[in-house]
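Dear colleague,

Please find the structure below, handed over for your own inspection. My notes on what was found in it follow directly after.

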Amino acid sequence: MSYRKLRAAQLFTGNQLLDNSYVLILDELGIIEAIVPVDEAGPDIEQFEGILTPGFINCHSHLELSHMKDLVPENTGMIDFILSILKQRHSSEELIYLAIEKAESEMLLNGIVAVGDICNTTNTLLQKKKGNLFYHNFLEVSGFSPSIAEERFNTGVSNFNSFAQQYSIPVESNSIVPHAPYSVSPLLFNMLVNFPGNHLLTMHNQECIDEEELLMNKKGDFLRLYKELGIDLSFFEPSGFSCLQGILPYFKKNQTLILVHNVTTSKEDINFLKSLDSSLQIPQVYFCLCANANLYIGNLLPNVDLLLQSNYPIVLGTDSLASNHQLSILEEMKTLQHYFPTIELEQLLQWATLNGAKALQLDEMLGSFEKGKKPGVLHIKNISDNKIGTNSMVQRII
(Lines give C-alpha, C1' and ligand atoms only; values in the text may rest on other atoms or scores of the structure.)
Protein backbone atom coordinates (compact mmCIF):
# COMPACT_ATOMS: atom_id res chain seq x y z
CA MET A 1 0.00 0.00 0.00
CA SER A 2 1.26 3.49 -0.85
CA TYR A 3 1.09 6.41 1.59
CA ARG A 4 0.98 10.20 1.34
CA LYS A 5 3.11 12.17 3.76
CA LEU A 6 2.08 15.78 4.38
CA ARG A 7 4.00 18.44 6.29
CA ALA A 8 3.20 22.14 6.84
CA ALA A 9 4.29 25.08 8.95
CA GLN A 10 1.54 23.99 11.35
CA LEU A 11 -0.60 20.87 11.65
CA PHE A 12 -3.96 21.14 13.39
CA THR A 13 -4.99 17.73 14.64
CA GLY A 14 -8.56 18.63 15.61
CA ASN A 15 -7.43 19.21 19.19
CA GLN A 16 -4.18 21.14 18.97
CA LEU A 17 -1.77 22.94 16.69
CA LEU A 18 1.55 21.17 16.12
CA ASP A 19 4.63 22.80 14.61
CA ASN A 20 6.46 21.73 11.46
CA SER A 21 8.34 18.94 13.19
CA TYR A 22 5.42 16.54 12.57
CA VAL A 23 4.20 14.73 9.46
CA LEU A 24 0.69 13.53 8.67
CA ILE A 25 0.58 10.10 7.02
CA LEU A 26 -2.45 8.82 5.09
CA ASP A 27 -3.12 5.77 2.99
CA GLU A 28 -4.17 5.90 -0.67
CA LEU A 29 -7.85 6.13 0.35
CA GLY A 30 -7.25 9.19 2.53
CA ILE A 31 -7.56 7.28 5.80
CA ILE A 32 -5.31 8.55 8.60
CA GLU A 33 -2.44 6.22 9.41
CA ALA A 34 -0.40 8.29 11.89
CA ILE A 35 1.17 11.59 12.90
CA VAL A 36 4.92 11.07 13.36
CA PRO A 37 8.01 13.20 14.00
CA VAL A 38 9.60 14.33 10.75
CA ASP A 39 12.78 12.32 11.37
CA GLU A 40 10.68 9.12 11.45
CA ALA A 41 8.63 9.87 8.33
CA GLY A 42 11.15 8.86 5.69
CA PRO A 43 11.36 10.32 2.16
CA ASP A 44 8.77 11.77 -0.26
CA ILE A 45 7.21 14.27 2.13
CA GLU A 46 4.92 16.86 0.51
CA GLN A 47 5.60 20.34 1.89
CA PHE A 48 3.00 23.08 2.47
CA GLU A 49 3.05 26.59 3.85
CA GLY A 50 0.35 27.60 6.31
CA ILE A 51 -1.82 25.03 8.12
CA LEU A 52 -3.06 21.53 7.39
CA THR A 53 -6.39 20.82 9.08
CA PRO A 54 -9.20 18.26 8.97
CA GLY A 55 -12.18 19.08 6.75
CA PHE A 56 -14.69 21.64 7.98
CA ILE A 57 -18.08 20.82 9.51
CA ASN A 58 -20.99 23.13 8.68
CA CYS A 59 -23.46 22.60 11.51
CA HIS A 60 -26.23 24.84 10.16
CA SER A 61 -27.33 25.30 6.58
CA HIS A 62 -30.52 25.58 4.52
CA LEU A 63 -29.45 24.02 1.24
CA GLU A 64 -33.01 24.10 -0.10
CA LEU A 65 -32.97 27.93 -0.04
CA SER A 66 -29.93 28.20 -2.32
CA HIS A 67 -32.03 29.56 -5.21
CA MET A 68 -32.72 32.66 -3.08
CA LYS A 69 -29.19 34.02 -3.26
CA ASP A 70 -29.24 37.85 -3.56
CA LEU A 71 -33.06 37.97 -3.47
CA VAL A 72 -33.42 39.15 0.12
CA PRO A 73 -32.10 42.65 0.97
CA GLU A 74 -29.53 42.96 3.76
CA ASN A 75 -30.13 44.53 7.18
CA THR A 76 -33.94 44.48 7.02
CA GLY A 77 -34.25 42.92 10.47
CA MET A 78 -35.70 39.56 11.36
CA ILE A 79 -39.38 40.18 10.65
CA ASP A 80 -38.95 41.49 7.12
CA PHE A 81 -36.36 38.81 6.42
CA ILE A 82 -38.86 36.09 7.37
CA LEU A 83 -41.58 37.70 5.26
CA SER A 84 -39.22 37.89 2.28
CA ILE A 85 -38.35 34.21 2.63
CA LEU A 86 -41.99 33.18 2.82
CA LYS A 87 -42.93 35.27 -0.21
CA GLN A 88 -40.01 34.25 -2.43
CA ARG A 89 -39.01 30.70 -1.49
CA HIS A 90 -41.21 29.08 -4.16
CA SER A 91 -39.67 28.69 -7.61
CA SER A 92 -39.47 26.19 -10.45
CA GLU A 93 -38.17 22.73 -9.57
CA GLU A 94 -35.44 23.06 -12.17
CA LEU A 95 -34.12 26.31 -10.70
CA ILE A 96 -34.26 24.94 -7.16
CA TYR A 97 -32.39 21.73 -8.04
CA LEU A 98 -29.72 23.55 -10.06
CA ALA A 99 -29.13 25.98 -7.18
CA ILE A 100 -28.88 23.11 -4.69
CA GLU A 101 -26.30 21.33 -6.85
CA LYS A 102 -24.27 24.54 -7.27
CA ALA A 103 -24.38 25.32 -3.55
CA GLU A 104 -23.18 21.84 -2.64
CA SER A 105 -20.29 22.23 -5.10
CA GLU A 106 -19.41 25.52 -3.39
CA MET A 107 -19.30 23.82 0.01
CA LEU A 108 -17.07 21.07 -1.37
CA LEU A 109 -14.73 23.63 -2.89
CA ASN A 110 -14.58 25.49 0.42
CA GLY A 111 -13.43 22.42 2.34
CA ILE A 112 -16.71 21.41 3.97
CA VAL A 113 -17.06 17.65 4.49
CA ALA A 114 -20.28 17.41 6.54
CA VAL A 115 -23.40 19.51 6.97
CA GLY A 116 -26.24 19.82 9.45
CA ASP A 117 -28.95 20.80 6.98
CA ILE A 118 -32.40 22.20 7.74
CA CYS A 119 -35.10 20.70 5.53
CA ASN A 120 -38.69 21.89 5.24
CA THR A 121 -39.13 19.90 2.03
CA THR A 122 -37.56 16.91 0.31
CA ASN A 123 -36.02 19.12 -2.41
CA THR A 124 -32.43 18.33 -1.39
CA LEU A 125 -32.86 14.58 -1.21
CA LEU A 126 -31.92 13.87 -4.83
CA GLN A 127 -28.60 15.74 -4.51
CA LYS A 128 -27.74 14.26 -1.14
CA LYS A 129 -28.19 10.72 -2.40
CA LYS A 130 -25.14 11.29 -4.64
CA GLY A 131 -22.99 11.00 -1.51
CA ASN A 132 -20.70 13.98 -2.12
CA LEU A 133 -20.96 15.17 1.49
CA PHE A 134 -22.09 13.75 4.80
CA TYR A 135 -25.40 15.25 5.92
CA HIS A 136 -27.46 15.14 9.04
CA ASN A 137 -30.91 16.16 7.84
CA PHE A 138 -32.95 18.16 10.32
CA LEU A 139 -36.57 17.86 9.16
CA GLU A 140 -37.91 21.15 10.47
CA VAL A 141 -41.47 21.72 11.70
CA SER A 142 -43.24 24.92 12.71
CA GLY A 143 -46.74 25.79 13.90
CA PHE A 144 -47.38 28.34 16.63
CA SER A 145 -51.09 27.66 17.03
CA PRO A 146 -51.84 24.48 18.99
CA SER A 147 -54.79 23.82 16.67
CA ILE A 148 -52.44 22.89 13.81
CA ALA A 149 -49.90 20.93 15.86
CA GLU A 150 -51.01 17.48 14.75
CA GLU A 151 -51.24 18.47 11.08
CA ARG A 152 -47.76 20.04 11.06
CA PHE A 153 -46.30 17.14 12.99
CA ASN A 154 -47.70 14.64 10.50
CA THR A 155 -46.24 16.62 7.59
CA GLY A 156 -42.86 16.61 9.31
CA VAL A 157 -43.06 12.87 9.92
CA SER A 158 -43.89 12.32 6.26
CA ASN A 159 -40.78 14.27 5.20
CA PHE A 160 -38.73 12.43 7.82
CA ASN A 161 -39.88 9.07 6.46
CA SER A 162 -38.91 10.09 2.91
CA PHE A 163 -35.38 10.88 4.07
CA ALA A 164 -35.16 7.84 6.35
CA GLN A 165 -36.11 5.51 3.51
CA GLN A 166 -33.78 7.04 0.93
CA TYR A 167 -30.89 8.62 2.84
CA SER A 168 -28.95 6.82 5.57
CA ILE A 169 -25.31 7.83 5.09
CA PRO A 170 -24.44 7.20 7.88
CA VAL A 171 -27.25 5.37 9.66
CA GLU A 172 -29.40 7.60 11.89
CA SER A 173 -28.66 10.70 9.84
CA ASN A 174 -32.14 12.24 10.12
CA SER A 175 -34.07 14.02 12.88
CA ILE A 176 -37.38 15.85 13.12
CA VAL A 177 -36.90 19.20 14.87
CA PRO A 178 -38.65 22.42 15.99
CA HIS A 179 -38.00 25.61 14.03
CA ALA A 180 -37.85 28.18 16.85
CA PRO A 181 -39.47 29.11 20.18
CA TYR A 182 -41.60 31.78 18.47
CA SER A 183 -43.00 29.38 15.87
CA VAL A 184 -43.68 26.12 17.72
CA SER A 185 -46.46 25.58 20.25
CA PRO A 186 -45.86 23.68 23.51
CA LEU A 187 -48.00 20.85 22.16
CA LEU A 188 -45.91 20.60 18.99
CA PHE A 189 -42.67 20.86 20.99
CA ASN A 190 -43.68 17.82 23.01
CA MET A 191 -44.57 15.85 19.88
CA LEU A 192 -41.23 16.59 18.25
CA VAL A 193 -39.01 16.05 21.27
CA ASN A 194 -40.69 12.72 22.03
CA PHE A 195 -40.52 11.40 18.47
CA PRO A 196 -38.94 7.91 18.71
CA GLY A 197 -35.17 7.91 18.18
CA ASN A 198 -34.90 11.69 18.10
CA HIS A 199 -31.52 11.86 19.81
CA LEU A 200 -30.00 14.79 17.87
CA LEU A 201 -31.95 18.04 17.55
CA THR A 202 -31.36 21.63 16.56
CA MET A 203 -33.33 24.85 16.85
CA HIS A 204 -33.04 28.50 15.84
CA ASN A 205 -32.51 30.34 19.11
CA GLN A 206 -32.63 34.02 20.11
CA GLU A 207 -31.88 35.63 16.75
CA CYS A 208 -33.29 39.03 17.74
CA ILE A 209 -34.71 40.95 20.69
CA ASP A 210 -38.23 40.79 19.23
CA GLU A 211 -38.33 37.05 19.94
CA GLU A 212 -37.76 37.78 23.60
CA GLU A 213 -40.39 40.53 23.59
CA LEU A 214 -42.98 38.18 22.12
CA LEU A 215 -42.41 35.26 24.45
CA MET A 216 -41.84 37.28 27.61
CA ASN A 217 -44.42 40.06 27.20
CA LYS A 218 -46.43 39.48 24.00
CA LYS A 219 -44.97 42.68 22.61
CA GLY A 220 -42.56 43.69 19.83
CA ASP A 221 -42.36 43.40 16.06
CA PHE A 222 -43.29 39.73 15.94
CA LEU A 223 -46.88 40.84 16.48
CA ARG A 224 -46.62 42.52 13.06
CA LEU A 225 -45.31 39.27 11.55
CA TYR A 226 -48.25 37.23 12.75
CA LYS A 227 -50.71 39.94 11.74
CA GLU A 228 -49.30 39.96 8.19
CA LEU A 229 -49.49 36.15 8.12
CA GLY A 230 -53.11 36.28 9.25
CA ILE A 231 -52.44 34.29 12.44
CA ASP A 232 -54.71 35.04 15.40
CA LEU A 233 -52.64 35.16 18.60
CA SER A 234 -55.58 35.32 20.98
CA PHE A 235 -54.64 31.82 22.22
CA PHE A 236 -51.10 32.86 23.17
CA GLU A 237 -50.11 33.73 26.73
CA PRO A 238 -46.53 34.97 27.27
CA SER A 239 -44.37 32.85 29.54
CA GLY A 240 -42.39 35.63 31.16
CA PHE A 241 -39.21 33.66 30.37
CA SER A 242 -36.55 34.30 27.77
CA CYS A 243 -36.62 32.08 24.68
CA LEU A 244 -33.89 29.80 25.95
CA GLN A 245 -35.22 29.51 29.47
CA GLY A 246 -38.73 28.85 28.22
CA ILE A 247 -37.89 25.97 25.89
CA LEU A 248 -35.01 24.10 27.54
CA PRO A 249 -37.24 22.09 29.87
CA TYR A 250 -38.93 20.45 26.87
CA PHE A 251 -35.76 18.58 25.87
CA LYS A 252 -34.47 15.33 27.33
CA LYS A 253 -31.19 14.72 29.12
CA ASN A 254 -30.25 11.91 26.69
CA GLN A 255 -30.53 14.24 23.68
CA THR A 256 -28.07 16.57 21.97
CA LEU A 257 -29.32 20.07 21.13
CA ILE A 258 -27.58 22.45 18.73
CA LEU A 259 -28.75 26.01 19.48
CA VAL A 260 -28.27 28.19 16.41
CA HIS A 261 -27.58 31.97 16.29
CA ASN A 262 -27.86 32.93 20.02
CA VAL A 263 -27.64 36.66 19.25
CA THR A 264 -29.46 37.73 22.42
CA THR A 265 -28.35 34.91 24.71
CA SER A 266 -27.55 36.53 28.05
CA LYS A 267 -25.57 35.79 31.16
CA GLU A 268 -28.87 34.99 32.90
CA ASP A 269 -29.60 32.41 30.19
CA ILE A 270 -26.20 30.82 30.68
CA ASN A 271 -26.72 30.69 34.46
CA PHE A 272 -30.13 29.08 33.93
CA LEU A 273 -28.57 26.55 31.57
CA LYS A 274 -25.89 25.70 34.10
CA SER A 275 -28.41 25.36 36.91
CA LEU A 276 -30.31 22.72 34.92
CA ASP A 277 -27.08 21.14 33.74
CA SER A 278 -25.87 20.65 37.29
CA SER A 279 -28.97 18.60 38.04
CA LEU A 280 -28.60 16.61 34.80
CA GLN A 281 -31.97 17.82 33.53
CA ILE A 282 -31.00 19.05 30.06
CA PRO A 283 -29.46 17.67 26.87
CA GLN A 284 -25.88 18.12 25.71
CA VAL A 285 -25.91 21.68 24.38
CA TYR A 286 -23.82 23.13 21.56
CA PHE A 287 -23.90 26.81 20.58
CA CYS A 288 -23.75 27.27 16.81
CA LEU A 289 -22.49 30.60 15.44
CA CYS A 290 -23.56 31.87 12.00
CA ALA A 291 -21.89 35.27 12.16
CA ASN A 292 -22.23 36.34 8.53
CA ALA A 293 -25.95 35.55 8.50
CA ASN A 294 -26.47 37.54 11.69
CA LEU A 295 -24.75 40.53 10.09
CA TYR A 296 -26.70 40.05 6.85
CA ILE A 297 -30.11 39.97 8.55
CA GLY A 298 -29.83 42.41 11.43
CA ASN A 299 -26.25 43.67 11.59
CA LEU A 300 -25.87 42.11 15.03
CA LEU A 301 -23.60 39.44 16.49
CA PRO A 302 -23.90 37.19 19.55
CA ASN A 303 -21.81 37.84 22.64
CA VAL A 304 -19.14 35.33 21.64
CA ASP A 305 -16.99 36.15 24.67
CA LEU A 306 -19.91 35.20 26.93
CA LEU A 307 -20.47 31.94 25.06
CA LEU A 308 -16.75 31.16 25.30
CA GLN A 309 -16.75 31.78 29.05
CA SER A 310 -19.73 29.47 29.47
CA ASN A 311 -17.53 26.49 28.51
CA TYR A 312 -20.31 24.96 26.41
CA PRO A 313 -18.87 23.77 23.08
CA ILE A 314 -19.15 26.11 20.10
CA VAL A 315 -19.61 25.07 16.49
CA LEU A 316 -19.98 26.98 13.21
CA GLY A 317 -22.58 27.23 10.46
CA THR A 318 -23.14 29.20 7.28
CA ASP A 319 -26.94 29.46 7.31
CA SER A 320 -28.36 29.80 3.79
CA LEU A 321 -27.55 31.72 0.62
CA ALA A 322 -30.71 33.71 1.37
CA SER A 323 -28.82 35.20 4.34
CA ASN A 324 -25.18 34.88 3.34
CA HIS A 325 -23.02 35.74 0.35
CA GLN A 326 -21.22 32.38 0.41
CA LEU A 327 -21.19 28.95 2.04
CA SER A 328 -17.74 28.99 3.59
CA ILE A 329 -16.69 28.06 7.11
CA LEU A 330 -13.40 29.89 6.52
CA GLU A 331 -15.35 33.10 5.85
CA GLU A 332 -17.25 32.55 9.10
CA MET A 333 -13.94 32.23 10.94
CA LYS A 334 -12.64 35.39 9.27
CA THR A 335 -15.65 37.37 10.51
CA LEU A 336 -15.37 36.01 14.04
CA GLN A 337 -11.61 36.70 14.10
CA HIS A 338 -12.23 40.29 12.94
CA TYR A 339 -14.91 41.12 15.50
CA PHE A 340 -13.46 39.06 18.34
CA PRO A 341 -9.68 39.29 17.84
CA THR A 342 -8.83 37.57 21.12
CA ILE A 343 -10.20 34.23 19.91
CA GLU A 344 -7.26 31.89 19.53
CA LEU A 345 -6.65 30.27 16.14
CA GLU A 346 -6.66 26.85 17.78
CA GLN A 347 -10.14 27.56 19.19
CA LEU A 348 -11.56 28.65 15.84
CA LEU A 349 -10.20 25.57 14.12
CA GLN A 350 -11.61 23.27 16.79
CA TRP A 351 -15.05 24.88 16.40
CA ALA A 352 -14.80 24.29 12.64
CA THR A 353 -13.67 20.67 12.84
CA LEU A 354 -13.85 18.34 15.86
CA ASN A 355 -16.55 20.25 17.77
CA GLY A 356 -18.76 20.23 14.70
CA ALA A 357 -18.16 16.54 14.10
CA LYS A 358 -19.09 15.77 17.71
CA ALA A 359 -22.22 17.93 17.49
CA LEU A 360 -23.42 16.06 14.39
CA GLN A 361 -22.31 12.75 15.96
CA LEU A 362 -19.89 12.08 13.12
CA ASP A 363 -16.68 12.21 15.15
CA GLU A 364 -15.93 8.51 14.68
CA MET A 365 -15.22 9.35 11.03
CA LEU A 366 -14.54 13.10 10.82
CA GLY A 367 -13.16 16.10 12.67
CA SER A 368 -9.64 15.06 13.64
CA PHE A 369 -6.48 13.39 12.40
CA GLU A 370 -6.78 10.11 14.28
CA LYS A 371 -5.85 6.67 13.02
CA GLY A 372 -8.65 5.07 11.05
CA LYS A 373 -10.59 8.27 10.38
CA LYS A 374 -11.13 9.83 6.96
CA PRO A 375 -11.73 13.50 7.81
CA GLY A 376 -10.38 15.06 4.62
CA VAL A 377 -7.32 17.32 4.60
CA LEU A 378 -7.41 21.06 3.99
CA HIS A 379 -4.61 23.54 3.41
CA ILE A 380 -5.18 27.03 4.85
CA LYS A 381 -2.84 29.58 3.30
CA ASN A 382 -1.93 33.16 4.22
CA ILE A 383 -2.00 32.93 8.01
CA SER A 384 -0.34 35.93 9.65
CA ASP A 385 0.58 36.21 13.34
CA ASN A 386 -1.42 33.05 14.01
CA LYS A 387 -4.61 34.79 12.89
CA ILE A 388 -7.05 34.10 10.09
CA GLY A 389 -7.23 37.28 8.00
CA THR A 390 -8.98 38.64 4.95
CA ASN A 391 -6.36 37.11 2.63
CA SER A 392 -6.54 33.61 4.15
CA MET A 393 -7.57 30.93 1.66
CA VAL A 394 -8.49 27.27 1.90
CA GLN A 395 -7.71 24.49 -0.54
CA ARG A 396 -8.90 20.89 -0.35
CA ILE A 397 -5.97 18.46 -0.49
CA ILE A 398 -7.98 15.26 0.09
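I begin with one residue at the surface: Asp-385 is exposed, since its relative accessible area is 72% (exposed means over 50%, buried under 20% and partly exposed in between, with a 1.4 Å probe and protein chains only). Asp-385 sits in the loop that joins strand E14 (377-384) to strand E15 (387-396). Helices (H or I, at least four residues) and strands (E, at least two) are DSSP runs numbered from the N terminus. Although Asp-385 is not a glycine, its phi is positive, at about 55 degrees. Most residues other than glycine have a negative phi.

Before going further, please note that this is a predicted model, in which local features need pLDDT of at least 70 and side-chain atom pairs count only at pLDDT 80 or more, while totals for chains, interfaces and linings use all residues. Residues are numbered from 1 along each chain as its sequence is written, and side-chain values use heavy atoms, with hydrogens and water left out.

The protein as a whole

The protein contains 14 helices and 15 strands. Its radius of gyration is 21 Å, close to the 21 Å that the globule rule gives for 398 residues, so the protein is as compact as a globular protein of that length. The radius is taken over C-alpha atoms, and the rule is 2.2 Å times the number of residues to the power 0.38. Along the principal axes, the C-alpha atoms fill a box of roughly 75 × 45 × 40 Å.

Of the 398 residues in the protein, 55% are buried. The exposed area is about 16500 Å², and carbon and sulfur atoms supply 50% of it; accessible areas come from the Shrake-Rupley method with a 1.4 Å probe, and for residues only the protein chains shown count as cover. Among contacts between residues at least 6 apart in sequence, 72% join residues at least 24 apart, where contact means heavy atoms within 4.5 Å.

As to charge, the protein has 27 positive and 45 negative side chains, and the centres of the two sets lie 1 Å apart. Lys and Arg count as positive and Asp and Glu as negative, whereas His and the chain ends are not counted. Each charge is placed at NZ of Lys, CZ of Arg, CG of Asp or CD of Glu.

Two helices

In helix H10 (residues 291-298), 7 of the 8 residues are buried, so this helix is largely enclosed by the rest of the structure. The buried residues of H10 include Asn-292, Asn-294 and Tyr-296. They pack against helix H1 (78-88), E11, strand E12 (284-289) and helix H12 (329-339). After H10 comes Asn-299, with a positive phi near 55 degrees.

Helix H13 (residues 345-352) has Leu-345, Leu-348, Leu-349, Trp-351 and Ala-352 buried. Seen down the axis of H13, these residues fall within an arc of 155 degrees, so they line one face of the helix; the arc is that of the directions from the helix axis to the C-beta atoms.

The loop between E11 and H9

Asn-262 lies in the loop between strand E11 (256-261) and helix H9 (267-278). This residue is buried, at 0% relative accessibility, and its phi is positive, near 60 degrees, though it is not a glycine. Thr-264 is found in that loop between E11 and H9 as well. Leaving aside neighbours within four places in sequence, Thr-264 is in contact with Gln-206, Cys-208, Ile-209, Glu-212 and Asp-269.

The loop between H4 and E9

Ser-173 belongs to the loop between helix H4 (149-166) and strand E9 (174-178), and Tyr-167 is placed between H4 and E9 too. Ser-173 is buried, with a relative accessible area of 2%, and Tyr-167 is buried at 1%. Not counting residues up to four places away in sequence, Ser-173 touches Tyr-135, His-136, Asn-137, Tyr-167 and Ser-168. On the same basis, the contacts of Tyr-167 include Leu-125, Lys-128, Tyr-135, Asn-137 and Ser-173.

An exposed strand residue

Glu-49 is found in strand E5 (residues 45-54) and is exposed, with a relative accessible area of 64%. Beyond residues up to four places away in sequence, Glu-49 touches Ala-8, His-379 and Ile-380. The C-alpha atoms of Glu-49 and Arg-89 are separated by 43 Å, with the two residues 40 apart along the chain.

Yours sincerely
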